[in-house]
Amino acid sequence: MQSRWSEPAASGKSDLDQLIYASRLIGAEESLVLWGGGNTSVKVRGRHFRGHETDVMWIKGSGSDLKTIEAKHFAGVVLDDVRPLLSIEGEMDDDAMVGYLANCLTDPKAPRPSIETLLHGFLPAKFIIHTHADLIQALTNNEKGERAVKDAFGEDAVVVPYQRPGFKLSRMVHAAVAAKPNARFLVLRKHGLITWGATAHDAYERTIDAISRVELYLKTAASRGDPFADKAFPAMAPEVRKGIFLSVAPYLRGLLSRSKRVVLRFDDGPDVLDFVNAKDAKRLSQIGPATPDHVLSTRV
Ligand code: ZN
């Protein structure tokens, strides 16, 4: 993955504007942020509503898209209110956490901070980028997940087992980073990637570096065996398959439209043919979505 960073475009900006710049570059890379997923933050000195200076974290608001994000889409969270949560007894459910965070805002009219706010707030780094990169799913959504992360990153990454986003995961992430202070990346199995840095540029480049390493690792791993190489059928000639499609499409559409009207799209691209003609297609087609984001937005 190529870095899109341009120093002339980024220089001279405030910390929040640097974060906005990095966030848009991340958002522009769709394989990192399926359906607007992922969030970013920066910790700065800001103003408490009582008037004094305090540590404030600007974190992406829930529901905004990194690709087009603006300053008004970030919420300011007072860190002195967040840090004590690290050491409370027991757990905190989502409702309690969301309610608590609503009381930590520098401006009560700010957008609701991301559900992953504590994950950012508990980490000490100034700039944090969290993405739900497709390639991290490819690397970790399998039985070899942890081993594969070690093979791809060596000692540079911390791995956290799957835990649904929330209070517990935020504390797990904090503990994992504290236990391995020299790590450059954190991989959340079946979820995504966290990178950090003293500057927005550093945090951004770590994301690009991490994804590039996974690309390289998966390319090498994929060259060892192609699950679609063994064919059950040869592909038909293009005009033959189009003809068959035209004869069955109206019936298929009729059946599918019984409960809800649908439109069919015909796709016989090389990747589709590779898949449907493979010996293993039946099994592979039943594996299901790779990640909760895929469940929500693309399904099987
Ligand atoms: Zn996430």
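This report walks through the overall layout, the cores, one cavity and three residues of a predicted model.

**The overall layout**

Let us start with the whole chain. The protein chain holds 300 residues, of which 42% are buried. Along its principal axes, its C-alpha trace spans about 75 × 45 × 45 Å. You will find 13 helices and seven strands along the way.

The chain is divided into two parts: domain 1 covers 7–222, and domain 2 covers 238–298. Taken over C-alpha atoms, the centres of these domains are 36 Å apart. Contacts also tell us about the fold: among those between residues at least 6 apart in sequence, 67% join residues at least 24 apart.

**The nonpolar cores**

Now look inside. The largest nonpolar core has 38 residues, and the members that touch the most others are Trp5, Phe153 and Tyr204. Several elements give two or more residues to this core, including the helices α2 (15–28), α6 (134–140), α7 (145–153) and α9 (200–222). The strands β1 (39–47), β4 (127–131), β5 (157–160) and β6 (185–188) do so as well. Separate from this core is a second one of 16 residues, with Val77, Leu79, Cys104 and Phe167 among them.

Which residues does Tyr204 touch, beyond those up to four places away in sequence? They are Gln2, Ser3, Arg4, Trp5, Ala22, Leu25, Ile26 and Ile129.

Trp5 is a good residue to find next. This tryptophan sits in the segment before α1 (7–10). Leaving aside neighbours within four places in sequence, Trp5 is in contact with Ala10, Gln18, Tyr21, Ala22, Leu25, Ala200, His201, Tyr204 and Glu205. Ala22 and Leu25 therefore appear in the contacts of both Trp5 and Tyr204. The C-alpha atoms of Trp5 and Glu29 are separated by 12 Å, although these residues are 24 places apart along the chain.

**Three residues compared**

Is each of these residues buried or exposed, or something in between? The table gives the relative accessible area for Trp5, Thr117 and Lys190.

| Residue | Relative accessible area | Class |
|---|---|---|
| Trp5 | 12% | buried |
| Thr117 | 0% | buried |
| Lys190 | 36% | partly exposed |

Trp5 counts as buried because its 12% falls under the 20% cut-off. Lys190, at 36%, is partly exposed because that value lies between 20% and 50%.

Thr117 belongs to helix α5, which runs over residues 117–121. Not counting neighbours within four places in sequence, Thr117 is in contact with Met57, Ile59, Val77 and Leu101. One of these, Val77, is also a member of the second core.

Lys190 lies in the loop between β6 and β7 (192–197). What stands out about its backbone is a positive phi of about 60 degrees, although Lys190 is not a glycine. Most residues other than glycine have a negative phi.

**A cavity**

Finally, a look at enclosed space. Rolling a probe the size of a water molecule over the atoms shows where empty space is left. How many cavities of 30 Å³ or more are there? The count comes to one, and the largest cavity has a volume of about 30 Å³. Its lining is formed by Val98, Leu101, Arg112, Pro113, Ser114 and Ile115. Those lining residues divide into four nonpolar, one polar and one charged. Leu101 in this lining is also one of the contacts of Thr117.

Terms used: Residues numbered from 1 in each chain as written. Predicted model: local features only at pLDDT ≥ 70, side-chain atom pairs only at ≥ 80, totals over all residues. Heavy atoms only, no water. Core = buried A, V, L, I, M, F, W, Y, C linked by side-chain atoms within 4.5 Å. Buried < 20%, exposed > 50% of the residue type's maximum accessible area, 1.4 Å probe, protein only. Helix = DSSP H or I, 4+ residues; strand = E, 2+ residues; numbered from the N terminus. Contact = heavy atoms within 4.5 Å. 1 Å grid on protein atoms, 1.4 Å probe; cavity = no way out; pocket = protein on both sides within 12 Å on 5 of 7 lines; lining within 4 Å. Points joined across faces, edges and corners; volume = space filled by probe spheres on them. Nonpolar A, V, L, I, M, F, W, Y, C, P; charged D, E, K, R; others polar. Domains from an automatic or database assignment.
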